[in-house]
Amino acid sequence: MADTQQVDPKAERKVTRLAKQISSFSKEHGGAEGQIAYLGDRGARIVLVGEDGAWGDLVAPSTAVAEQAVAKAGITVHEDFDGEFAAKVKTGPYEWSRMAGIQVGGPSNG
């Protein structure tokens, strides 16, 4: 009997949608690299860093979906968010005020 693999149409649509978003981010920012972080039952976070230092993230329902999406988008994926990869991120006043604000009594998120 031949091995047949069942393809979940819902997961495949999610992979395609995420890959399109990743490709769009990459195109807008002169290229992109990424890192996948496991979030437990929530799925996986795909952190994207553009060649211009812009960054963003997406959440996939599973690590497998995240891995398929970044592969389909054709970006470089790093195992860890550190070193030269992390150093590419450019933060501005908004990010610094949000990070400091949360820690030292600034405006809340809610």
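Trainee: Why are helices α1 and α2 called oblique to each other?

Mentor: This is a predicted model, and in it the axes of α1 (residues 9–28) and α2 (residues 63–73) cross at roughly 50°. Angles under 35 degrees count as roughly parallel and 65 to 115 as roughly perpendicular. The crossing fits neither range, and therefore the two helices are oblique. The crossing is also right-handed.

Trainee: How do you know that α1 and α2 meet, and which residues do it?

Mentor: Contact means heavy atoms within 4.5 Å. Residues of α1 including Ala 11, Val 15, Leu 18 and Ile 22 meet residues of α2, among them Val 65, Ala 69 and Val 70. The residues of this contact divide into 9 nonpolar, 3 polar and 3 charged.

Trainee: Okay, on to the sheet. What makes β3 and β4 edge strands?

Mentor: Look at the order, which is β3-β2-β1-β4 in an open sheet. β3 (55–60) and β4 (76–78) each have a single partner strand, so one side of each is left without a neighbour in the sheet.

Trainee: How do you know that β1 and β4 pair?

Mentor: Pairing takes at least two bridges. β1 (residues 32–38) and β4 have 3 bridges, in the parallel sense, so they count as paired. As for one bridge, Glu 33 has Thr 76 in β4 as its partner.

Trainee: And what angle does α2 make with β1?

Mentor: α2 lies across β1, β2, β3 and β4, and runs at about 170° to β1. Angles over 145 count as roughly antiparallel, so that's what we call α2 and β1.

Methods: Residues are numbered from 1 along each chain as its sequence is written. This is a predicted model: local features need pLDDT of at least 70, side-chain atom pairs count only at pLDDT 80 or more; totals for chains, interfaces and linings use all residues. Side-chain values use heavy atoms; hydrogens and water are left out. Axes are lines fitted to C-alpha atoms, for helices over the stretch in contact, and angles run from 0 to 180 degrees between N-to-C directions. Helices (H or I, at least four residues) and strands (E, at least two) are DSSP runs, numbered from the N terminus. A crossing is left-handed if the near helix is turned anticlockwise from the far one by less than a right angle, and right-handed if clockwise. Ala, Val, Leu, Ile, Met, Phe, Trp, Tyr, Cys and Pro count as nonpolar, Asp, Glu, Lys and Arg as charged, and the others, Gly among them, as polar.
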